[in-house]
Amino acid sequence: MLRIHVSGWDLSKVRMATGPDALWETILSFHRLRDRRASTVFGKWRAETRPRLNGEVRLLSAIIPPRGYFPDFLTPTQEGSEPLDFNTGMEALRDTPPERLRAELALLGAEDAAVGRTATARRAVRPMRLDALREGRSEPLGRLIGALRSYHRAAVEPYWPHIQAGVEADRAVRGRALLDGGVDELLASLPPVFRWRAPVLEADYPVDRELRLDGRGLLLQPSFFCRGTPVVLRDPLLPPVLVYPVSHAGAPAFAEPGPWLGRLLGKTRSTVLRTIGDGCTTSELARRAGVSLASASQHACVLREAGLVHTLRHGSSVLHTVTPLGGSLLRGGAPLAVS
């Protein structure tokens, strides 16, 4: 079990990340690539991604095991709520002090021994030259960064709009909870894996962990590729960040716009798309757009099938938000920037 101790001062410093974190999504997607579960959500993504990969899987497997600990330096973070973009994150990784590389790679080796990785699995470490990486040499670190860049281009970058849509939908739910009941309601609204029992936030976790914030606050980072349980950094001295899975209920995660787009023509549906804007429930949509509840639900369904709206169930209601594609359509076709 994970237990995060949240003081009154920490409550005032709890904050939501402003969007998906490219490094966390990259590392966690590598877990999903080797995981056969959740085929409904990630099956299409796996099938499309695997043929685009070359030697990245073997290289990255040396430092990112299928489960358990992976080095904290792979997911650098910064103070505040703005996640690092991928290029900035790679520069931060390149600047990792050699003593930190040594310490975290030693911990990775200890974890390998503790879980009894097979000789075959241990041999996968050799191409990465972890001994040289521990010494802070530029060549193996450059190879690691190159493998991460290639993998990100193949597995994450093409799907960034989908990732953004999932994270933005979760942020809309958390934002409404914060407005309705403050930080207490925000923490209570987190996915069912969490239990907010002030002053402790508990979560199902593979091992027992106690994280004391000690007045530093907590960054809540929703993640598209996180699955099942949340993730926290192993080093308690690093800025506290809680990475947790977004919901994938509703339409398939990687559904592409199809023939439904032709059904979007018409004044009412355009009004519905504009009304959804930054997010609203079906009841709010009906009231604001001046249509019946049944009509609002039907229009939102068509927009969701077209990839223009993301729908997330929240309690007894559902919350609709505009996807990057829907936002682009509302802006007259101007593309959304991709990290």
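How many helices and strands are there in the chain? This predicted model has 14 helices and 11 strands in its chain. The legends below visit some of them one by one.

**Figure 1. The chain as a whole.**
Before the close-ups, here is an overview of the predicted model. The chain has 339 residues, and 50% of them count as buried. Take the contacts between residues at least 6 apart in sequence: 72% of these join residues at least 24 apart. Keep that second value in mind for Figure 2, where partners come from separate parts of the sequence.

**Figure 2. Ala155 and its partners from elsewhere in the chain.**
Find Ala155 in helix 9, which covers residues 138-155. Is this residue buried or exposed? Ala155 counts as buried because its relative accessibility is 0%, and the cut-off for buried is under 20%. Now look for its company: setting aside neighbours within four places in sequence, Ala155 touches Trp45 and Thr49. Arg50 is worth finding too. Along the sequence Ala155 and Arg50 are 105 residues apart, yet in space their C-alpha atoms are 8.2 Å apart.

**Figure 3. The sheet with strand order 3-4-1-5.**
This view shows an open sheet of 4 strands with mixed pairing, in the order 3-4-1-5. Strand 3 (194-197) and strand 5 are at the edges; each has a single partner strand, so one side of each has no neighbour in the sheet. On average, neighbouring strands here are turned by 15° against each other, direction ignored.
Strand 1 (residues 2-5) is a good place to see what "mixed" looks like. With strand 4 (residues 200-203), strand 1 runs antiparallel, and 4 bridges join the two. One pair to pick out is Ile4, whose bridge partner in strand 4 is Leu201. With strand 5 (residues 209-212), strand 1 pairs in the parallel sense, over 4 bridges. Here you can look for Arg3 and its bridge partner in strand 5, Glu210.

**Figure 4. The sheet with strand order 2-6-8-7, and helix 10 across it.**
Another open sheet has 4 strands in the order 2-6-8-7, with mixed pairing. Which strands are at its edges? They are strand 2 (14-16) and strand 7 (231-232), each pairing on one side only. Strand 7 and strand 8 (residues 241-245) run antiparallel and are joined by 2 bridges. Within this pair, Val231 is opposite Val243 of strand 8. Helix 10 lies across strand 2, strand 6 (218-223) and strand 8, and its direction makes an angle of about 155° with strand 2.

**Figure 5. The hairpin of strand 10 and strand 11.**
Strand 10 (residues 309-314) pairs with strand 11 in the antiparallel sense, over 6 bridges. To follow the pairing, start at Val309 and look across to its bridge partner in strand 11, Val322. The hairpin has 2 residues between its strands, and Gly315 takes a positive phi near 65° in it.

**Figure 6. The second largest pocket.**
This pocket has a volume of about 580 Å³. Its lining consists of 30 residues, and those closest to the centre are Thr18, Gly19, Gln164, Glu168 and Arg171. Two or more lining residues come from each of helix 10 (160-188), strand 11 (317-322) and helix 14 (324-330). Which element gives the most to the lining? That is helix 10, with 9 residues. Sorted by class, the lining has 13 nonpolar, 10 polar and 7 charged residues.

**Figure 7. Two cavities.**
Rolling a probe the size of a water molecule over the atoms shows where empty space is left. In this model, the count comes to 2 cavities of 30 Å³ or more.
The largest cavity has a volume of about 70 Å³. Its lining has 13 residues, and nearest its centre are Asp21, Thr77, Pro83, Leu219 and Gln221. By class, this lining divides into 6 nonpolar, 5 polar and 2 charged residues.
The second largest cavity has a volume of about 40 Å³. Among the residues that line this cavity are Leu211, Val232, Asp235 and Val241. How many polar residues does its lining have? There are no polar residues in this lining, which has 8 nonpolar residues and 1 charged.

Note on methods. Residues numbered from 1 in each chain as written. Predicted model: local features only at pLDDT ≥ 70, side-chain atom pairs only at ≥ 80, totals over all residues. Heavy atoms only, no water. Buried < 20%, exposed > 50% of the residue type's maximum accessible area, 1.4 Å probe, protein only. Contact = heavy atoms within 4.5 Å. 1 Å grid on protein atoms, 1.4 Å probe; cavity = no way out; pocket = protein on both sides within 12 Å on 5 of 7 lines; lining within 4 Å. Points joined across faces, edges and corners; volume = space filled by probe spheres on them. Nonpolar A, V, L, I, M, F, W, Y, C, P; charged D, E, K, R; others polar. Pairing = 2+ DSSP bridges. Axes fitted to C-alpha atoms, helices over the stretch in contact; angles between N-to-C directions.
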